[in-house]
Amino acid sequence: MKWKGLMAVLLGLLIVGVVGYTKASPIGGARVTILDTNGKPLTDYGKVYYTVWTFDENGSIKVLRRGSMEKRFIFSNNVVKLSSLNFKTAKEIAKKKGSKTAFIGVDVWIVKDGKLYTLPPEGFETGLIENTFANTFKLRINLKEARIKDLKRLEKRTSTVQPMAHDVYYVWETVDQKSYRNVKIPILIIHNKAESNVFGTADVAMQVKKHWGPDVTVAFGDEISKRVTLDPDSITVKVLGRSITDYFSGGDDITVPSNSWGYVWLKGTVHYIYQKEYYCLLSCEPTGNERYFAKIDSFTIKRKSGDIKVITSGASFGKPPYNFPDEWMEKSGKVRGAIEDRVGIDEFYGKIYSGTDGHSFGVGVPVGAILTVLSGYRLPPWFAAISVGFSTSDYASYVMLGHVKNKGPQSSVTFYAMESRYTVEIPVKHGLWTSYERVHVPVGLYIEVNS
């Protein structure tokens with residue numbers, strides 16, 4: 001009898017444990033732990049509101065879940081739980097787009113002492129294989145990046161926007177967005193000011209079998225649609241995860257004559273999204289915070305060779321129609337090149353990246369400039385300075401390689417890589433953890449050649 005009683009107790013404990021685990025860890029779903037940069041739970045600072053989202057098949061933002069968390073007694077309660085359905089939705093969308101991974105974005109707000117702290121979005125990626133148990137992720141939030149609003153002032157405003165819930169909520173709503181297909185995206189730009197012809201080649205691919213893709217870049221701040229310049233104190237620029245990934249390959253070469261321009265390009269679909277933040281109770285009131293996304297939704301595929309998707313690529317003479325603004329660039333990375341002396345593109349990476357050597361951003365392409373022109377300049381002037389990077393699955397390899405070469409007749413010319421004057425927060429992986437580092441990013445890769 002004692003043995004049966006003991007077994008009953010153990011069975012009961014097992015059932016309780018399984019039920020508890022099921023509630024805490026959604027089967028097939030995900031657990032996203034939200035911390036500050038020091039590893040402290042975000043709920044230690046106040047009540048946390050969150051929205052989890054992804055990009056749908058058209059590249060628009062699709063909300064997966066909204067919710068809130070707050071500390072209970074001594075328990076932090078800082079884990080966002082995604083159900084199997086939420087998680088599967090993001091994966092199914094990615095599969096339909098032909099991506100090897102699914103991008104998931106997270107928005108976070110903290111409310112404390114009558115203040116609203118709005119944080120820039122965070123993002124992470126997940127594989128597409130069905131998971132039996134909950135996948136775990138950790139997001140580290142930099143509280144210094146928060147935009148702070150007085151809730152009492154927000155409550156006094158009026159708006160015609162319909163409420164989304166009776167309980168208080170904070171949401172980002174899309175005000176304007178547009179995508180453009182089959183656009184030539186410059187990856188290598190050569191401005192040849194020398195008295196020699198200059199050969200250049202650029203290839204985007206991996207030497208080992210790793211998928212790569214274009215990153216999502218977001219700019220965030222208070223009423224940034226009204227600003228003209230990219231003031232880092234007013235506008236935070238950040239790189240999130242990749243919008244799509246696959247075993248892509250593309251590129252071309254070109255010989256640029258003396259005193260002229262030329263560029264190598266890939267074709268793809270570029271997309272911007274403009275959103276405003278709203279405070280919602282009985283009605284929804286704009287807070288003044290705004291954000292812009294710049295991204296590449298897809299590449300135009302010419303053919304498939306085994307697992308490799310070959311991107312439609314080419315080279316053109318002349319100045320790119322979507323060039324990065326001159327006032328936002330500066331020279332960096334001086335390299336001398338004798339006749340037929342091959343100067344690798346990778347030689348510039350260590351000169352134009354501060355501490356990352358290009359491993360985390362690959363190469364910046366002028367998607368902001370492209371979108372500014374294609375939209376008829378309806379975007380704010382500073383948006384033209386926004387780049388979108390290419391990165392690999394583990395931030396461990398270069399995405400773009402190639403070289404430039406002095407073809408003569410000058411015996412020697414000087415190559416300069418060009419970098420942007422503004423800084424961007426780039427995820428840099430260090431073993432098992434990832435940190436954000438502020439770096440200047442190259443544009444294009446844009447190379448200026450002088451005598």
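## An exposed Phe and its patch

Phe75 is exposed, with a relative accessible area of 56%. This is a predicted model, and in it Phe75 belongs to the loop that runs between strand E3 (61-69) and strand E4 (79-82). Phe75 has company out there: together with Phe73 and Ile74, Phe75 makes up a nonpolar patch on the surface, and the three have about 470 Å² of accessible area together.

## The chain as a whole

Zooming out, the chain has 451 residues, and 56% of them are buried. Its secondary structure comes to 5 helices and 26 strands. As for the contacts with a separation of 6 or more, 78% are between residues 24 or more positions apart.

The outside of the chain adds up to about 19600 Å² of exposed area, with carbon and sulfur atoms supplying 52% of that.

## Salt bridges on partly exposed ground

How many salt bridges turn up in a search of the whole structure? The search gives 16. As a bit of background, side chains of opposite charge can pair when their charged atoms come close.

One of the pairs sits within a helix. Lys95 and Glu92 form a salt bridge with an N to O distance of 3.7 Å. Both residues are in helix H2 (residues 84-97), and because they are 3 residues apart there, about one helical turn separates them. Lys95 is partly exposed, at 39% relative accessibility, and Glu92 is partly exposed too, at 29%.

Another pair goes from strand to strand. The closest N and O atoms of Asp150 and Lys115 are 3.9 Å apart, and the two residues form a salt bridge. Asp150 is part of strand E9 (residues 147-150) while Lys115 is part of strand E6 (residues 115-118), so this bridge ties together parts that are 35 residues apart in sequence. Asp150 comes out as partly exposed at 26% relative accessibility, and Lys115 as partly exposed at 31%.

## A buried salt bridge and a network

Now for Lys309 and Asp246: are they buried or exposed? Lys309 counts as buried because its relative accessibility is 18%, which falls under the 20% cut-off. Asp246 is buried as well, at 2% relative accessibility. These two residues form a salt bridge, and their closest N and O atoms are 2.8 Å apart. The pair links distant parts of the chain, 63 residues apart: Lys309 is in strand E18 (residues 308-311), and Asp246 is in the loop between strand E13 (235-242) and strand E14 (248-256).

Salt bridges also join up into a network, and the residues linked in it are Glu122, Glu145 and Lys238.

## Rings and charges

On the aromatic side, the structure holds 22 pairs. One of them is Phe55 with Phe103, whose ring centres are 5.2 Å apart; the planes are at 20°, so the pair is stacked. Phe55 is in strand E2 (residues 47-55) and Phe103 is in strand E5 (residues 101-112), so the stack ties together parts that are 48 residues apart in sequence. Phe55 is buried at 2% relative accessibility, and Phe103 is buried at 3%. Phe55 also has a charge to deal with: the charged end of Lys295 sits over the ring of Phe55, at 4.2 Å from the ring centre.

There's a similar arrangement at Tyr45, where the charged end of Lys40 sits over the ring, 4.6 Å from the centre. Elsewhere, ring pairs link a cluster that contains Tyr49, Trp109, Tyr169, Tyr170 and Tyr279.

## One last stop at Tyr422

Which strand holds Tyr422? Tyr422 is in strand E25 (residues 412-430), and at 5% relative accessibility Tyr422 counts as buried. Along the chain, Tyr422 and Asp231 are 191 residues apart, yet their C-alpha atoms are separated by 8.3 Å.

Definitions and conventions: Residues are numbered from 1 along each chain as its sequence is written. This is a predicted model: local features need pLDDT of at least 70, side-chain atom pairs count only at pLDDT 80 or more; totals for chains, interfaces and linings use all residues. Side-chain values use heavy atoms; hydrogens and water are left out. A salt bridge is a side-chain nitrogen of Lys or Arg within 4 Å of a carboxyl oxygen of Asp or Glu. Helices (H or I, at least four residues) and strands (E, at least two) are DSSP runs, numbered from the N terminus. Buried means under 20% relative accessible area, exposed over 50%, partly exposed in between (1.4 Å probe, protein chains only). Rings of Phe, Tyr and Trp (its six-membered ring) pair if their centres lie within 6.5 Å; planes under 30 degrees apart count as stacked, over 60 as edge-to-face and the rest as tilted. A charge sits over a ring if NZ of Lys or CZ of Arg is within 6 Å of the ring centre and within 35 degrees of the ring normal. Patches are made of residues with over 30% relative accessible area and no salt bridge: like charges are joined within 9 Å, nonpolar side chains (Val, Leu, Ile, Met, Phe, Trp, Tyr) within 5 Å. Accessible areas come from the Shrake-Rupley method with a 1.4 Å probe; for residues, only the protein chains shown count as cover. Contact means heavy atoms within 4.5 Å.
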